[in-house]
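User: I should like to learn how to read salt bridges in a protein model. Could you begin with the terms that are needed?

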Amino acid sequence: MNPVEQAIETKLRAAFSPEDLVVENDSHRHAGHAGSPGTGSSHFNVAMTAAAFDGLSRVDRQRRVYAVLAEELAGPVHALALRLKAPGE
Amino acid sequence: MMDGQVKERIEGEITGSDVVLFMKGTPVFPQCGFSAAVVQVLNHLGVPFKGVNVLDDMSVREGIKEFSQWPTIPQLYVKGEFVGGCDIVREMFETGELGDLLNSKGIAVEA
């Protein structure tokens, strides 16, 4: 697995103990477009279901994830698409 | 830290129009797929909006992230209130919540 993808998955599991987590490296689909670094570690999709999101707004859920992945977002990760659910949603 | 002038400029943008999208590129020529997706949603709803091209000004590009406490572009504001980025706008459009939000703020939508 790509090391950045691995770091994203490890950090999210540790922070949220998700019921369900899928991390997808989408970088190849963006290779060559304006601003794409072409590193193969720039674009990721995350779908996660976690009890920690229960009662939080969409904005607050994403802010929680952004905080956990601050290092990645300040570094190699250029785009992070998020689909965040609480159990039962 | 963002300087006062940048903060003032951002505040001026979000209070100067009902619907403001901080984006990469312009509403006619978005330069990023995520920005383009939000433009498409707003156009579909027939909502007039002001596009602020962050690629024109590095201080706004970095400043808006700090201002909103949100690390990515695009960012949508409605009546001075932060709504979210591309994922949130798309989700809220799909569920009908975006239209409801705009309506509740007195902004007419077509769909």
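Analyst: Helices (H or I, at least four residues) and strands (E, at least two) are runs assigned by DSSP and numbered from the N terminus. This is a predicted model, in which local features need pLDDT of at least 70 and side-chain atom pairs count only at pLDDT 80 or more, while totals for chains, interfaces and linings use all residues. Residues are numbered from 1 along each chain as its sequence is written, chains are lettered from A in the order in which they are written, and side-chain values use heavy atoms, leaving out hydrogens and water.

User: How many salt bridges does the rule count over all chains?

Analyst: Side chains of opposite charge can pair when their charged atoms come close. A salt bridge is a side-chain nitrogen of Lys or Arg within 4 Å of a carboxyl oxygen of Asp or Glu. By this rule the count is 13 over all chains.

User: Where do B:E13 and B:R9 lie?

Analyst: Both belong to helix 1 of chain B, 4 residues apart, so about one helical turn separates them. Their closest N and O atoms are 3.6 Å apart, in a salt bridge.

User: Which residue in the loop between strand 2 and helix 3 of chain B is paired with B:R9?

Analyst: B:D57 forms a salt bridge with B:R9, at 3.1 Å between the closest N and O atoms. This pair links distant parts of the chain, 48 residues apart. Salt bridges with shared partners join B:R9, B:E13, B:K50 and B:D57 into one network.

User: How many salt bridges cross the interface of chain A and chain B?

Analyst: The rule finds 2 there. A:R58 and B:E91 meet in a salt bridge, at 2.8 Å from N to O.
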